[in-house]
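Please explain how the helices of this protein pack against one another, and where the model leaves space between its residues. A walk through the helix contacts, followed by the pocket and the cavity, would be welcome.

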Amino acid sequence: MEKQGFVRLHYDLSFATMQECKVIEIGCGEWGFRNLPMHEHFEIARDFDFKWLEFGIGGDQTGRLSEFPEPDEIAEFKALNEEFGIATPFCCIENDFTLADENDHLEVLEKSKKQIQAAADCGAKQVRLFAGFTPVEKVSSEIWDRMIKAFWDADQLCEGLGLTIAIETHGGITFDEDESAHHFNSVSTDPESLTRLMEQLPPRVGFNYDPGNIKAVRPEDKNCCLEFINDRINYCHLKDWTRKGEGWVAVAIGDDDLDYGPLFENMKYDGVCLIEYEPLHDSREGIRRSLDYLQRIEEGSQVLKFQR
């Protein structure tokens, strides 16, 4: 399967080089700003000339809107759009639809629905959700069916609100004492499960393609599962991970060995790709390195062009 996938992607790349220029819009993700006041998110985005900025709701983070934002908080957030002239159509929500306990699952679903409504009130057009973080081998048929139903329920709400859902490709994570991360397969990083999701999810539900997250689970997969979900990518995060001891730490694209050039050239998604630089101590430097890497890709490609 891996070898066949690589051959297909290599063939597509040869074909892509004969095509006209592919212009990719670049925006700014929010997770690296989780400890910063919201106003500072917009300031950093402005300083890098980004026109697109992601935001988050819930998760008890300083840099996100509260779990259930009140009208005044939403109005203050929307005022930042006007002040800075930066659009925020992308909203991140924390959830896990693979919990073993049914009551816990239903509680998460209801919370997610309330936050989806808040995202719409904030002007979002897409919501990033997770499938869940249960190890894929522990996802029973009962858990799987509940998860699929949850996405059908959430999509029905989103359709009425003018939103679409993007499921992030994200494995489960445990951390060592040195803060390095160990990633394991969830249903959104396992190829077989991704194929099943493609077949069973509502047609409007897509994927937030995060190649870095897949690399950290499946470092041997240079295609980062692109061939399994390419038709349904509707959102994209850009980052990489590098080894630290037996685990991984998040870094900027270009800091390690994940080659984004072929992925960009073969990805069917033509929307905004968001730089998600996760470390907290050097946000601006990490964004700058990411942009420099994209510039190097552009200079070495006959196909790709990036713009903010």
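The axis of a helix is here a line fitted to its C-alpha atoms over the stretch in contact, and the angle between two axes, taken between their N-to-C directions, runs from 0 to 180 degrees. In this predicted model, α5 and helix α6 (residues 191-200) pack at an angle of about 45 degrees, and their axes lie 11 Å apart. Angles under 35 degrees count as roughly parallel and those from 65 to 115 as roughly perpendicular, and α5 and α6 are therefore oblique to each other. The crossing in which α5 passes α6 is right-handed. On the α5 side the contact is formed by Trp 144, Met 147, Ile 148 and Trp 152, which meet Ser 193, Arg 196, Leu 197 and Gln 200 of α6. Sorted by class, this contact comprises five nonpolar, two polar and one charged residues.

The packing of α5 (residues 141-161) with helix α4 (residues 102-121) has an angle of about 20 degrees, with the two axes 10 Å apart. This angle makes α4 roughly parallel to α5, and the crossing of these two helices is right-handed. From α4, the residues Glu 102, His 105, Leu 109, Lys 113, Ile 116, Gln 117 and Ala 120 take part, and they meet Arg 146, Met 147, Ala 150, Asp 153, Ala 154, Leu 157, Cys 158 and Leu 161 of α5. The contact of α4 with α5 contains nine nonpolar, two polar and four charged residues. Met 147 of α5 appears in the contact with α4 and also in the contact with α6.

Turning from helix contacts to open space, the largest pocket has a volume of about 690 Å³. It is lined by 32 residues, of which Trp 31, Arg 34, Phe 175, Trp 241 and Glu 278 are the closest to its centre. The elements that contribute two or more residues to this lining are β6 (172-175), β10 (240-244) and β11 (247-251), and β11 gives the most, with four residues. The lining of the largest pocket divides by class into 15 nonpolar, three polar and 14 charged residues.

What remains is enclosed space, where the count comes to one cavity of 30 Å³ or more. The largest cavity holds about 50 Å³ of space, and the residues that line it are Cys 28, Gly 29, Gly 32, Phe 33, Ile 275, Glu 276, Tyr 277, Ser 283 and Ile 287. By class, the lining of the largest cavity has five nonpolar, three polar and one charged residues.

Terms used:
Residues numbered from 1 in each chain as written. Predicted model: local features only at pLDDT ≥ 70, side-chain atom pairs only at ≥ 80, totals over all residues. Heavy atoms only, no water. Parallel < 35°, antiparallel > 145°, perpendicular 65-115°, else oblique. Left-handed = near helix turned anticlockwise from the far one by under 90°. Contact = heavy atoms within 4.5 Å. Nonpolar A, V, L, I, M, F, W, Y, C, P; charged D, E, K, R; others polar. 1 Å grid on protein atoms, 1.4 Å probe; cavity = no way out; pocket = protein on both sides within 12 Å on 5 of 7 lines; lining within 4 Å. Points joined across faces, edges and corners; volume = space filled by probe spheres on them.
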